[in-house]
Amino acid sequence: MQKTLPFDSATLQRILDEYPTPFYLYDEAGIRERMRDLVQAFSWNKGFRQYFAVKATPNPRIVSLLRDEGSGADCSSMAELVISERIGLEGESIMFTSNNTTAEEYKYALDLGAIINLDHPNLIDTLLAAGDMPKTISFRYNPGPERTGNAIIGNPQEAKFGCTRKQLLEGYKRCQELGATHFGLHTMVVSNELGVQSLLDTAQMLFDLAILIKDELGIEIKFINLGGGIGVGYRPEDDEVNLADFGAGVHQLYEKVLVPAGLSPRIFMENGRTITGPFGFLISRVINQKQTYKDYVGVDACMSNLMRPGMYGAYHHITVMGKEGQSATKSVDVVGALCENNDKLAIDRQLPEVVVGDVLVIHDAGAHGHAMGFQYNGRLRCAELLLKPDGEVEQIRRAETLEDYFATVKF
Ligand SMILES: *Cc1c(COP(=O)(O)O)cnc(C)c1O
């Protein structure tokens, strides 16, 4: 089975003539269209807002093209707040969903007027050390044994995020006493989820909880943040989540559960993966081959460019440029140069016959790809390029140099 590419060989060759491998290539048209599809799927909810999870692809150009499509930013660190600020987002266009947070970070978020999404009521004091209780406040719920989570994010009972139901209620109460008047509810329990029903279960759980909060505390939740976590069909045979079906499913639950209870909150989401994941490609070249107990294809990218296979055993589809139509001839491990045996971008992968110099396109690397990059073994982070709808290419992040690498040490 094959996966389609948003560019042809000639376009890629033109880019390769100008930029050395490895690099990331993002498809602007695809990202914009996906964002529009999400907004369309929730157009029934007048206050709907998607906050792009900046950590997925923390490139200012990517975040700003999403801002142009109406996206806010979901941040969890100082650097992510700074990216959002520098591209002109502020106020309720920023959601600060952090955990294990410092007062310094809260101060920055408060100064930007960001919506603060507290991980736990213990953090109220940390927040107060940074400034006054804001009018708007949100909490992150962890359902514990109520839900099973999934492979990437783990079981909620084992997850460090969020707080229990009892803590949640105490948290709202205390914030109300401190002057908050506008309340939000959030959770994030699944990651890379392809099952619409599981995503809908999260909505149902939060809707029920909003009713409980109203009954117990008399507080009307004004926005419900369903989190991110919509999956990407990494394997060619995977079904993608149909955003229209998902949006319609949430609409049905909204009408069935919330409306009769007299609640009409805004729906928020903070997707990263589904927005940029399928529209980013790691482009790499074959530089060595060897045959020992297995067949190895050595490329000029490595796990420090794309950690997901090494970290989660994740599958990323690979297309050999110019050999798309050829059938697989053998099973190979595609490896980088790190002195670390899990530096494998693919294991036992069926590929057509490759030779040194061939270009491999590694699919679905647009989210949690470059972002998770690191410099182990002195391997430097590669460039990021944006393929624009008119076919032009813009370098949106240059490759790191040895000078960057040594900038923080003394000899
Ligand atoms: C990582 C994360 C997201 C984004 O997850 P995706 O799988 O990229 O959609 C959203 N919200 C929170 C709190 C996160 O930690």
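Here are three short exercises on local features of this structure, each with a worked solution.

The model is predicted, so to speak of local features requires pLDDT of at least 70, and side-chain atom pairs count only at pLDDT 80 or more, while totals for chains, interfaces and linings use all residues. Residues are numbered from 1 along each chain as its sequence is written, and side-chain values use heavy atoms, with hydrogens and water left out.

**Exercise 1.** Find the cis peptide bond that involves Pro22, and place Pro22 in the fold.

Solution. Start with omega: at about -5 degrees, the bond joining Thr21 and Pro22 is cis. Next, look at the neighbouring elements: Pro22 sits in the loop between α1 (9-18) and β1 (23-27). Such helices (H or I, at least four residues) and strands (E, at least two) are DSSP runs, numbered from the N terminus.

**Exercise 2.** Is Asn100 buried or exposed? And Asp364, buried or exposed?

Solution. Begin with the backbone: Asn100 has a positive phi, near 50 degrees, without being glycine. Its loop runs between β4 (94-97) and α5 (103-111). Asp364, also not a glycine, has phi near 55 degrees, and lies in the loop between β15 (359-362) and β16 (383-387). Now apply the cut-offs: buried is under 20% relative accessible area, exposed over 50%, partly exposed in between (1.4 Å probe, protein chains only). Asn100 is exposed because its value is 71%; Asp364 is buried because its value is 3%.

**Exercise 3.** Locate Phe406 and state its exposure.

Solution. First, find helix α12 (residues 402-406), which holds Phe406. Then read the relative accessible area: it is 35%, so Phe406 is partly exposed.
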